[in-house]
Amino acid sequence: MTQWANHGLDLHLDLGSGGGVRAGLEQALRQAVRDGRLAPGTRLPSSRVLAQDLGVARNTVADAYGQLVAEGWLTARQGSGTRVARGTFAEPTPPLAAPVVSAPTGLVESDYGQSYPYDLRPGSPDLSSFPIDAWLAASRRALAVAPRDALGYTDPRGRPELREALAEYLARVRGVRTEPGLIVVCSGFVQAIGLLGRALYGIGGRRIAVEALGFPNTRTILRNAGLETVRLPLDAGGARVDRLAGEDALLLTPSHQFPTGTAMPPARRTAAVMWAREHGAVIVEDDYDGEFRYDRQPVGAVQGLAPNHVVYAGTASKSLAPGLRLGWLVLPPRLLEPVVREKQLADRHSPVLDQLTLAELIVSGAYDRHVRRMRARYRRRRDRLVTAVAQRAPRVRVSGIAAGLHAVLELPADGPGEAELVARAERQGLALSGMALFGSGTGPALVVGYGTPPEHAFAGALERLCAVLDSADRP
Ligand SMILES: Cc1ncc(COP(=O)(O)O)c(C=O)c1O
């Protein structure tokens, strides 16, 4: 039986075409059957589940299914659900449109928003679990009480409601020590690191140390800000801070190194802070998935050790959705003015309505509840991944701590390499990322984003991953 996956139909739906949601859904399903992405016999998700994933009414999906059954594309039988009919209309599967990896620009492939039947690339949470009802309710409440001048040009640091909510939340959940006045709300980490890079350059900074493996875009952004980036080697404890040599700043992912998945041990966190104090340098702590730790309580942010030397950077991209483009910087006092100035020049301030909504979501407790629910879900997915890999590909090692939304799968050195496995997976409709996208210096490995698929597609994605690994596990 072929498992259903969300074939990116939400992306193919043309809701603005005048035909309506139902017509768009029917068209998308017909097209998916026609070009073979939905094979004959494939069981479709229940109308309830698909409606939830697509954010449409259940009746809309039920009606679309009914229409396609009537047309002969689908069959519906009591007990076996709705399936793709075993007809002759499926045409050969065309090759997937674009390569998974775009080496020349160094962009991570998920940046393109291209969808695959199954997607285990890192970088995205399960978007089908976005808390729509809670978000709408928070938005309504927030707007009802917001002063009208909130809709005008506002403080470049962002709305005070959100900065107050974040100061309380980050203190409680991540051990961050700050006050609302030192927080700057920005358009995700990507804007945050650009603002910071320019601010550091503006106050005389010239060299920043970065982890040898990380997001290629981050280094590009820092270089565009005028800074020289120096790569620090990594070991099992993360960045080798003992190798620092005269840099003005240091960018770290200490809670869960991206992408290798290690946690920085206490002694090294302290060593980094001591280095910053001694040299008047700045540590930038990218805490992109700090809420998601499964084997123990999350370890508090390094910022809590030295608020005058550490910039804390957080984002809603993993906890809620990257499309929100909401992130925040918690700054040492001396960096506040330079960063605020850059923010003002970049876009005056971030959009107000989403800030007010996020503030209300946090204050009402709905944000905590969502994070708790997702933590349990991602933890189960990680456990399933670890178990499946141990059974199906025992020579593949899952490394890194039990945290976050991605895991590293170290491949046997005598098997097919990363690129070959990524290509094999692609032929199965599964998008994967190799470690080489993020830098060099490790053995062959895959960086598996188990948080990415919608819940109903996870099993299918895992099955395909295991099939690909199985073929790689033999020498
Ligand atoms: C290491 C790292 N930092 C930050 C982010 C978040 O970036 P942004 O807030 O711009 O979406 C990600 C997301 O994939 C990440 O992997």
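Me: In which loop does Pro-259 lie?
Reply: This is a predicted model. The peptide bond from Phe-258 to Pro-259 is cis, with omega near 5°. Most peptide bonds are trans. The place to look is the loop between β9 (249-252) and α9 (266-279).

Me: Which residues are around the ligand?
Reply: The shell divides into five nonpolar, four polar and three charged residues. Phe-258, whose peptide bond to Pro-259 is cis, is one of the residues around the ligand. The full list is Gly-123, Gly-188, Phe-189, Val-190, Phe-215, Phe-258, Asp-286, Tyr-288, Thr-315, Ser-317, Lys-318 and Arg-325.

Me: Which helix gives the largest share of the shell around the ligand?
Reply: Gly-188, Phe-189 and Val-190 are among the residues around the ligand. The largest share of the shell is three residues. That share comes from a helix spanning residues 188-202, namely α7.

Me: How much of the area that the ligand exposes when taken alone does the protein bury?
Reply: A backbone N or O atom of Phe-189 lies 2.6 Å from an oxygen atom of the ligand. Polar side-chain atoms also approach ligand oxygen atoms, at 2.9 Å for Lys-318 and at 2.8 Å for Arg-325. Taken alone, the ligand exposes 400 Å², and the share of this buried by the protein is 91%.

Me: What is phi of Arg-325, and what is its sign?
Reply: Arg-325 sits in the loop between β11 (310-315) and β12 (327-330), and its side chain places a polar atom 2.8 Å from an oxygen atom of the ligand. Most residues other than glycine have a negative phi. For Arg-325 the value is positive, near 55°.

Me: Which strands are at the edges of the seven-strand open sheet?
Reply: The strand order is β4-β12-β11-β10-β9-β5-β6, with mixed pairing. The twist averages 20° from one strand to the next. An edge strand pairs on one side only, and here these are β4 (183-186) and β6 (228-232).

Me: Which residue in β6 stands opposite Ile-208?
Reply: Strand β5 covers residues 207-211 and pairs with β6 in the parallel sense. Five bridges hold this pairing. The residue of β6 opposite Ile-208 is Thr-229.

Me: In the four-strand sheet, what is the bridge partner of Glu-410 in β17?
Reply: The sheet is open, with the order β13-β14-β17-β16 and antiparallel pairing. On one side, β14 is joined to β13 by three bridges, and Arg-397 stands opposite Glu-410. Four bridges join β14 to β17. The partner of Glu-410 in β17 is Ala-445.

Me: Which residue in β17 is the bridge partner of Gly-434?
Reply: β13 (397-399) and β16 (433-434) are the edge strands of the sheet, each pairing on one side only. β16 is joined by two bridges to β17, residues 445-448, and the two strands run antiparallel. The bridge partner of Gly-434 is Leu-446.

Me: What angle does the direction of helix α12 make with that of β13?
Reply: Helix α12, residues 366-392, packs on the sheet in the order β13-β14-β17-β16. The helix touches β13, β14 (407-410) and β17. Its direction makes an angle with that of β13 of about 150°.

How values were computed. Residues numbered from 1 in each chain as written. Predicted model: local features only at pLDDT ≥ 70, side-chain atom pairs only at ≥ 80, totals over all residues. Heavy atoms only, no water. Pairing = 2+ DSSP bridges. Contact = heavy atoms within 4.5 Å. Axes fitted to C-alpha atoms, helices over the stretch in contact; angles between N-to-C directions. Near = heavy atom within 4 Å. Polar contact = N/O pair within 3.5 Å; in protein donor to acceptor, adjacent residues only side chain to side chain. Areas by Shrake-Rupley, 256 points an atom, 1.4 Å probe, with all protein chains shown as cover. Nonpolar A, V, L, I, M, F, W, Y, C, P; charged D, E, K, R; others polar.
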